[in-house]
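Me: Please walk me through this structure in short questions and replies.

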Amino acid sequence: MNSNISSHIIRFLVLAIAQVLIFNNINFLGYINPYPYLLFIILFPVKNNRVLILFLSFILGLTIDMFQDSGGIHAAASVFAAYARPIFLKSSFGLMYEHQSIKFNVVEFGSKLMYIGLIVIAHHLILFSLEIFSASKIILILQKTLFSSIFTFLLCVLLTVIFSRSKS
């Protein structure tokens with residue numbers, strides 16, 4: 001149990017540090033910003049307390065906000081992603097989620113892709129809606145959401161494949 005907790009702490013710290021030092025400095029064409037810190041929310045165990053994931057998501061988002069000086073938009077988007085996570089889990093994994101038997105290393109790859117995609121798109125839509133905060137700029141919000149979601153999705157899938165293979 002202690003190694004499980006320490007692995008989540010390490011994942012939290014590594015993703016937050018990588019986001020702050022590396023990925024916050026990527027801004028390609030003004031639309032593409034990767035946010036792989038979402039992997040912490042995506043890979044957090046299903047059986048754990050829901051209040052805990054909401055709190056940790058808030059702390060993770062707030063940490064990113066402090067370094068990016070973004071006024072709480074990452075915290076809000078992260079808490080939304082954590083709050084909506086059960087809906088995305090149920091729609092992606094169905095009965096496996098209802099029985100609390102999801103193991104991310106052994107689930108079908110298509111279900112995993114759907115789950116990652118749903119969380120990334122929802123997070124980015126909230127994030128960029130709060131960042132731009134103008135209904136007249138809906139096209140810009142959708143462009144940033146689309147392009148950043150694609151890049152973040154590919155990065156998250158790549159990282160999960162790399163690290164799931166290295167464990168086996």
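What follows is a set of questions with reasoned replies.

Me: What kind of model is this, and how are its residues numbered?
Reply: This is a predicted model, where local features need pLDDT of at least 70, side-chain atom pairs count only at pLDDT 80 or more, and totals for chains, interfaces and linings use all residues. Side-chain values use heavy atoms, without hydrogens and water, and residues are numbered along each chain, as its sequence is written, from 1.

Me: How many salt bridges does a search of the whole structure find?
Reply: A salt bridge needs a side-chain nitrogen of Lys or Arg within 4 Å of a carboxyl oxygen of Asp or Glu. Side chains of opposite charge can pair when their charged atoms come close. Searching the whole structure gives a count of one.

Me: How far apart are the closest N and O atoms of Glu 131 and Lys 144?
Reply: Glu 131 sits in helix 6 (residues 109-132) and Lys 144 in helix 7 (residues 138-167), so their pairing ties together parts 13 residues apart in sequence. Helices here are DSSP runs (H or I, at least four residues; strands are E, at least two), numbered from the N terminus. In this salt bridge, the closest N and O atoms are separated by 3.5 Å.

Me: Which partner, Glu 131 or Lys 144, is buried?
Reply: Buried means under 20% relative accessible area, exposed over 50%, and partly exposed in between (1.4 Å probe, protein chains only). Glu 131 has 41% relative accessibility, so Glu 131 counts as partly exposed. At 12%, the buried partner is Lys 144.

Me: What is the area of the nonpolar surface patch that includes Ile 9?
Reply: Patch members have over 30% relative accessible area and no salt bridge; nonpolar side chains (Val, Leu, Ile, Met, Phe, Trp, Tyr) are joined within 5 Å, like charges within 9 Å. Areas come from the Shrake-Rupley method with a 1.4 Å probe, and for residues only the protein chains shown count as cover. Ile 9 lies in helix 1 (residues 2-21) and is partly exposed at 47%. With Ile 5, Leu 13, Ile 17, Leu 21 and Ile 22, Ile 9 makes a patch of about 570 Å².

Me: Which element gives the most residues to the lining of the second largest pocket?
Reply: A pocket is an open set of points on a 1 Å grid over the protein atoms alone, with protein on both sides within 12 Å along at least five of seven lines; lining residues have an atom within 4 Å of a point. The second largest pocket holds about 200 Å³ of space. Twelve residues line this pocket, with Ile 5, His 8, Phe 44, Asn 48 and Leu 52 closest to its centre. Five of the lining residues come from the top contributor, helix 1.

Me: Where along the chain is Asp 69, and what is its phi?
Reply: Asp 69 is in the loop between helix 3 and helix 4 (73-93). At 70% relative accessibility, Asp 69 counts as exposed. Its phi is positive, in a residue other than glycine, and is near 55 degrees.

Me: What is the phi of Phe 133?
Reply: Phe 133 lies in the loop between helix 6 and helix 7. Phe 133 is exposed, at 68% relative accessibility. Again the residue is not glycine and phi is positive, near 50 degrees.

Me: How far apart in space are Thr 145 and Ile 32, C-alpha to C-alpha?
Reply: Thr 145 belongs to helix 7 and is buried at 6%. In sequence, Thr 145 and Ile 32 are 113 residues apart; in space, C-alpha to C-alpha, they are separated by 8.6 Å.

Note on methods:
On a 1 Å grid over the protein atoms alone, a cavity is a set of points where a 1.4 Å probe fits but cannot get out, and a pocket is an open set with protein on both sides within 12 Å along at least five of seven lines; lining residues have an atom within 4 Å of a point. Grid points are joined across faces, edges and corners, and a volume is the space filled by probe spheres set on the points.
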